Amino acid sequence: MNEEAGYVSVQSQTEENSEEGVYNFAAMEAKWPAIWDDLKVFTPLDDGSKERRYVLDMFPYPSGDLHMGHAEAFAMGDVVSRYWRQLGYDVLHPIGWDSFGLPAENAAIKRNAHPSEWTYANIDTQAESFKRYAISVDWSRRLQTSDPEYYRWTQWLFKRFHERGLAYRKNSPVNWCPTDQTVLANEQVVNGACERCGTIVTKKSLNQWYFKITDYADRLLDDMDALKGHWPDRVLAMQKNWIGRSEGAHVTFVIEEAAGAEKPQQELTVFTTRPDTLYGATFFVVAADAPLALDLVTGEHAEALSEYREQVKALSDIERQSTERPKTGVFTGRYAINPLTGEKLPVWAADYVLADYGTGAIMAVPAHDQRDLDFAKAFDLPVRAVLDTGMEDPAETGIASTGEGTLINSGELNGLSKAEGIPAAIDVLEKLGTGKKFINFRLRDWLLSRQRFWGTPIPIIHCADCGEVPVPDDQLPVRLPDNLRGEDLSPKGTSPLAAAADWVNVDCPSCGKPAKRDTDTMDTFVDSSWYFLRFASPDYTEGPFDPAKINDWMPVGQYVGGVEHAILHLLYARFFTKVIHDMGMLEATEPFSALLNQGQVLNGGKAMSKSLGNGVDLGQQLDKFGVDAVRLTMVFAGPPEDDVDWADVSPSGSAKFLARAWRLARDVASEPGTDPAAGAPALRSLTHRTVHEAKTLLEGHKFNVVVAKLMELVNATRKVIDSGAGATDPAVREAAEAVAIVLSLFAPYTAEDMWNTLGHPASVANAGFPAVDEALLVEQSVTAVVQVQGKVKDRLEVAPDITEEALRELALASELVQKALDGRGIRTVIVRAPKLVNIVPA
């Protein structure tokens, strides 16, 4: 292989060395893109003349040039797009960039530049690489989320959410990254650290913007039923667990007046999934960092609580909920009255209860909850079993008795099972007026404020007289200022936009008095929660998308991307879709009908990284082996969801196979349009079976098996050319054309060159998937292997329905078999019709 010139030799031993006899991937990569562009091969007709199909790849972040992960992910999506186009659908397969975000801001600080400079330079680099990689996208629909023409409509949608009460502000403890000086959503905290920079996250009380995604919790959960079988099970499970619907009851406790009337009596409601265990509640816990704790605590205990709250700030939610951590807390000096027993329960502030779960307070039933039990043991609080599960007394063992059982020590509930006790307890509470049935969710509202510059500005103006005033639609977009760069963007604990006085200070749109813009920007997940809608009409100026166009294309028929987006992006996109549907702008209620997750690209069993020194440069691989070889290697390595270890695969082997396939087209000696009916029956049968099986395999995303089938067909066709009927056989042309069409899904340059060599005009992408003759799917003959003492001595072509006796006779009559026996007798003959005969000599 001549790596410099991009040649792979595929000459036969008798052929002279000439340029026409070599597979030149570099020449193909230079030739075909311009032709595809001129023909607008991948631009959908969008006129209703064909059934529409929408294929979408999770759009990339422009952090640099394309890497090996991009090479895998986009190869998979492109197979689906090209396959659907071959089936005759009008395919929308767009490209864009998720171009806002913190890395650009950090790069701008380092380079004393504006984030747009780094961002758009990287986009240009990636765009050229995508074009070289031959992704079948419609470049006329390209978009970037940092374009004012795009984020104008992100702001417009925010305003519509605000009008519907789905965008609001509140004071709350939030995750704070001390390094990036910004708020993080719970999902962006990994093992207690910032997912971006690795700094340990703390808590900080701020006034922040939220989307009220909890209003859609039921629908987000229930509508997943329609996605079963079309989305990976593990993704659906992750979303279900994150939403976390819990059925139980709201129970109202009376908090006694503090001694000396320091604080008045008040009522407090808690959520519990086990109201049947209310008789076992022996103390009460509030989240230490919740405002409620400050409201309840008496003066005597206020200082201790203040010190404890400072300690809690350094803990992540995951750490706080861990069953492994020693339990800590502070007594508030107050008591809650159990509504069923009248018992006084001490109220504690602790870190294992979260402020944003339920009401930020729980009734503690230590006998039947391990964390409650650990807390009770740590502070010598009562433990009372109210559920007989057959386990020993938790007060003695220190192990909570959980699960099913019979209620005991529970008054009128005694003797009931869990299933009977829960509704019975709710009935008692409702009659007393101290509780009612309630459904709670683990899902919290979406925190979208970010103290960053490079993001979509929040289109709200704060006026001392008018409050929150949305920027009028005709003044959108609220553009980011151009004069902030470099150190102006450095973290200072507030958004960099706050320092842009000319930008911040404006007149109130409502009353005309001096006011200020909101200086936070939106979480970048807001940008990516609706981008798939914009692709249907990227130049539309009357709204975020043309409703008529989007309803022609939505929902996305196949979405392709990494499983790392299973919760954040996918859940938010589903939420946006449902809200926009409720606004009457979209018929679809789910954004993505089907989801395909690709695995990672590893090297030596480990994720590629600079620190490990095991990175593989995609550009170098493309230069060395060619785009088609890299694409084919990615697809052939295994099922899409499996990881690809680059150390275990062979792009050079892929290049050699492509060269063999390319050579078939050159060797075909019949004219285009030749009737294949007179061709070699065995090859015709294999061709039609390969095409038939390929369709089923492609529908099941078993792309690697399709490649294996193509390899078999190429080898069989070569055998007919070299030692069979020859290159003039019509079956050879039929096979070569089928190879070119199916191969175009994986290796577009090679396939296009083959199609051209076979005498057809560009492009093979629109050739249409080969038709299958059902009669040829029945195998005309099968190769039966004949072994003597375990060694292959002959191969016989026999009918698929041959009997064992007939196959036995044919094998024994073989001259090669008789020669191998050399006059010896036969001990036994094992026949497995129609494929195997094993003869054991005496």
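A residue counts as buried under 20% relative accessible area, as exposed over 50%, and as partly exposed in between, with a 1.4 Å probe and protein chains only. The model is predicted, so local features need pLDDT of at least 70 and side-chain atom pairs count only at pLDDT 80 or more, while totals for chains, interfaces and linings use all residues. Residues are numbered from 1 along each chain as its sequence is written, and side-chain values use heavy atoms, without hydrogens and water.

**Exercise 1. Describe the chain as a whole.**

Step 1. Of the 842 residues of the chain, 55% are buried.

Step 2. The C-alpha trace spans about 110 × 75 × 50 Å along its principal axes.

Step 3. Helices (DSSP runs of H or I, at least four residues) and strands (runs of E, at least two) are numbered from the N terminus. The chain has 27 helices and 36 strands.

Step 4. A contact means heavy atoms within 4.5 Å. Among the contacts in the chain with a separation of 6 or more, 72% come from residues 24 or more positions apart.

**Exercise 2. Explain why C194 and C463 form no disulfide with their closest cysteines.**

Step 1. The criterion is a pair of cysteine sulfur atoms within 2.5 Å. Such a link is a covalent bond between the sulfur atoms of two cysteines.

Step 2. For C194, the closest cysteine sulfur belongs to C197 and lies 3.8 Å away, which is too far for a bond.

Step 3. For C463, the closest cysteine sulfur is that of C511, at 3.6 Å, again too far for a bond.

Step 4. Both cysteines are buried: C194 has a relative accessible area of 4%, and C463 one of 8%.

Step 5. The structure as a whole holds zero disulfides.

**Exercise 3. Work out the strand order of the open sheet that contains β30, and identify its edges.**

Step 1. Two strands pair if DSSP finds at least two bridges between them.

Step 2. The sheet has three strands in the order β31-β30-β32, with mixed pairing. The edges are β31 (606–607) and β32 (644–645); each has a single partner strand, so one side of each lacks a neighbour in the sheet.

Step 3. β30 (residues 601–603) pairs with β31 in the antiparallel sense over two bridges. Here L602 stands opposite A607 in β31.

**Exercise 4. Determine how far helix α20 is covered.**

Step 1. α20 runs over residues 627–636.

Step 2. Nine of its 10 residues are buried, so the helix is mostly covered by the cut-off above.

Step 3. The buried residues include V627, D628, R631 and V635.
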